[in-house]
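Open the structure in your viewer and keep the selection tool at hand. This tour moves from the whole chain to single residues.

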Amino acid sequence: MASEELVTEQFQFFGIEVPKEVINKCVSLCEEYNIDAESFIEQWMAFTLNNLNGSAPNLDNLDTFARKEFSKPAAILSNVPCKENGQVGAGRSLTVYGAPASVQSEDNEVLSNYMATTPKRIKVENELPQNQQNDLCPATYSPTIGSGKYATRNNPGVVVHSYGDEKLLQTIAEPCSPNDILNLTIKQVANDDGDTYTKAMFGFEMLHEKASTFDNYIRYISQVIIKKFGITDVTSVRHKTQAEVSVAGRIECDADARLNPKSVVLQGTWEQSLSQAVPVDLDNLKQYTLFPGQTVVMRGVNPRGDKFIAHEVFCDASLPVADHKADMMNTLNGKMSLVIAAGPYTTSDNMAYEPLKDLITYISTSKPHVVIMTGPFLDSDHTKIKDNTMAETYKSFFDKLVDNLGELSNSSPLTKIYIVSSSKDAFHVNIYPTPAYSSRRKHTNLYFIPDPCTLNINGVIVGVTSTDVLMHISQEEISSGMAGDKLSRLAGHVLMQQTYYPLCPAAPSLALDAALWAAHAQMSTTPHVLVLPSNFRYFVKEVNGCVVVNPEHLTKGTGGGTFARISIANDNNSHKSIAAQIVRI
């Protein structure tokens with residue numbers, strides 16, 4: 001209850017001296033409208049600042065204040081203590097769906113400490129009975145309704161594409177039994193300096209350092225090509241000659257637009273060409289496939305020094321496929337099963353995460369040895385992320401997803417889950433290469449790895465990225481006279497340039513850090529399996545001795561998508577066999 005001492009103390013807190021009769025009037029108003037002194041003074045301060053230009057209280061002003069603020073029925077009700085759920089306040093309620101009442105009560109108490117007026121009561125709605133709730137849903141300010149299109153799909157579990165050894169394909173769908181236990185040693189492959197991408201500073205690169213980084217890469221890749229094809233006497237890109245010579249450099253576009261055959265420019269290295277560039281005439285080439293950022297060696301003539309007329313292009317710097325028997329103490333013995341899925345993990349019209357829940361059910365049933373999941377988990381482009389309807393932080397909801405994945409250790413204790421980060425996640429840093437996620441939740445079966453990343457699974461090298469590099473290259477590539485299919489050619493660019501992201505400049509949606517790219521986005525060897533999730537149609541293809549897998553995405557718009565399951569086996573002769581299937585969720 002209010003008293004003269006409390007009212008005087010509250011006014012003194014704001015530096016206001018009030019006469020005795022005004023104090024008595026304030027006490028009587030507090031008793032009449034059943035409000036405590038602190039709330040009364042706070043409401044008075046808000047009223048006088050908005051209506052009286054901050055003037056001091058007097059008897060007339062207090063009558064006006066009481067008439068406008070306390071005489072309305074809604075206002076009177078808003079100051080009556082509410083015993084429901086132990087919370088103070090009533091009036092219009094703010095409904096939160098999918099959050100425990102205890103959590104909401106705590107949040108409301110914290111909120112009351114910072115609000116001048118009595119906080120509005122937060123009502124918690126349970127959309128479903130406790131045993132039917134989808135605990136993968138975030139707390140939101142609007143009800144979460146599942147996707148009708150996803151729920152009514154008629155082809156879940158259907159195999160839409162198969163690849164590889166027929167014998168392995170016959171057993172690839174069988175769950176792993178207790179007899180299939182493998183002693184797997186899985187390591188993240190370090191770079192040439194022996195470092196793995198854990199923590200790093202970004203956004204501090206200088207222009208001259210960035211230029212030096214790319215120049216070193218151009219020089220290294222061009223030397224690999226020169227050695228591979230036995231090319232000699234490489235000269236400057238600006239060297240005048242009517243005799244056929246070889247030049248090395250990086251493909252660029254001389255216009256602020258998409259690359260076309262008339263806008264191709266070759267930038268040479270600092271060592272041979274002082275980083276000068278020269279326009280390239282492609283009319284005499286029988287076949288070519290080029291994109292900005294690609295390092296090539298060209299053979300041709302440059303009669304006047306201002307245009308290089310190309311006769312032949314060399315761009316294959318791919319490394320040999322890794323020897324899976326290189327470490328005899330760490331060689332796969334038996335058959336290993338992998339499941340690979342790419343985000344997003346909920347349909348575009350809701351945050352119910354039904355596809356992810358179905359994937360968890362599949363993993364729990366099939367019990368694969370390794371699961372690789374690439375982000376995003378909370379896609380920053382999702383409509384429900386953009387409209388700010390979530391009633392919890394992105395990070396706290398990601399921890400909830402992590403907990404659900406961690407519970408797989410109960411139903412599938414031998415399954416190891418590797419989660420690849422994505423720069424598209426709303427709760428993570430927007431930089432490429434992207435550092436691994438972090439979470440306060442610790443689960444023995446979960447491992448966070450960066451994007452991109454190379455894993456060594458008992459001698460089997462698996463490269464994985466969550467970035468749609470195939471689509472990015474496709475939007476900039478030009479080609480002519482090339483045999484084979486486009487998807488194999490796009491995947492081949494990644495292998496032939498020895499980097500998970502060969503495009504330069506990067507796509508506008510990707511914030512590429514040159515120093516991190518040089519340190520952590522390069523390939524030290526051609527992997528046995530390369531995972532390249534893309535918006536392109538799913539595929540599994542062998543490219544340059546590497547099995548390239550595009551599982552597509554677990555969701556496609558408002559409907560379900562696909563994921564991949566792979567089986568890798570070593571026979572008694574140490575012959576490695578790979579089989580893969582693309583399955584609808």
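**The whole protein**

Of the 585 residues of the protein, 50% count as buried. Keep in mind that this is a predicted model. Turn on the cartoon view: the protein has 17 helices and 25 strands. Next, switch to the surface. About 27,600 Å² is exposed, and carbon and sulfur atoms supply 50% of that area. How much of the contact list joins residues 24 or more positions apart? Among contacts with a separation of 6 or more, such pairs account for 70%.

**Stop 1: the largest nonpolar core**

Select Tyr 432, Tyr 501, Trp 517, Leu 530, Leu 532 and Val 548. This largest nonpolar core has 39 residues, and these six touch the most other members. Now colour the elements that give two or more residues to the core: α9 (207-229), α15 (469-474), α16 (486-496), α17 (514-520), β20 (539-543) and β21 (546-550). Which element gives the largest share? Helix α9 does, with six residues.

Zoom in on Tyr 501. Leave out its neighbours within four places in sequence, and its contacts include Tyr 432, Thr 467, Val 469 and His 472. Ala 506, Ala 507, Leu 510 and Leu 512 are also on the contact list of Tyr 501, and so are Trp 517 and Ala 521.

**Stop 2: another core**

Apart from the largest core lies another one, of 32 residues. Select Ile 363, Met 390, Leu 401 and Ile 419, which are among its members. Keep Ile 419 highlighted for the next stop.

**Stop 3: strand β14**

Select residues 416-420, strand β14. Is this strand largely enclosed or open? Four of its five residues are buried, so β14 is largely enclosed by the rest of the structure.

Now add the strands that pair with β14. Strand β13 (residues 370-374) pairs with β14 in the parallel sense, over five bridges. Show Val 371 and Ile 417: the two are bridge partners. Strand β15 (residues 446-449) also pairs with β14 in the parallel sense, over four bridges. Here Ile 419 stands opposite Phe 448 of β15. Show the side chains as well. In a regular strand, side chains alternate between the two faces of the sheet.

**Stop 4: Ser 273**

Finish in helix α10 (residues 270-273), where Ser 273 is found. Is Ser 273 buried or exposed? Its relative accessible area is 1%, so Ser 273 is buried. Show what surrounds this serine. Not counting residues up to four places away in sequence, Ser 273 touches Thr 235, Ser 236, Val 237 and Gly 268.

Notes
Residues numbered from 1 in each chain as written. Predicted model: local features only at pLDDT ≥ 70, side-chain atom pairs only at ≥ 80, totals over all residues. Heavy atoms only, no water. Core = buried A, V, L, I, M, F, W, Y, C linked by side-chain atoms within 4.5 Å. Buried < 20%, exposed > 50% of the residue type's maximum accessible area, 1.4 Å probe, protein only. Contact = heavy atoms within 4.5 Å. Pairing = 2+ DSSP bridges. Areas by Shrake-Rupley, 256 points an atom, 1.4 Å probe, with all protein chains shown as cover.
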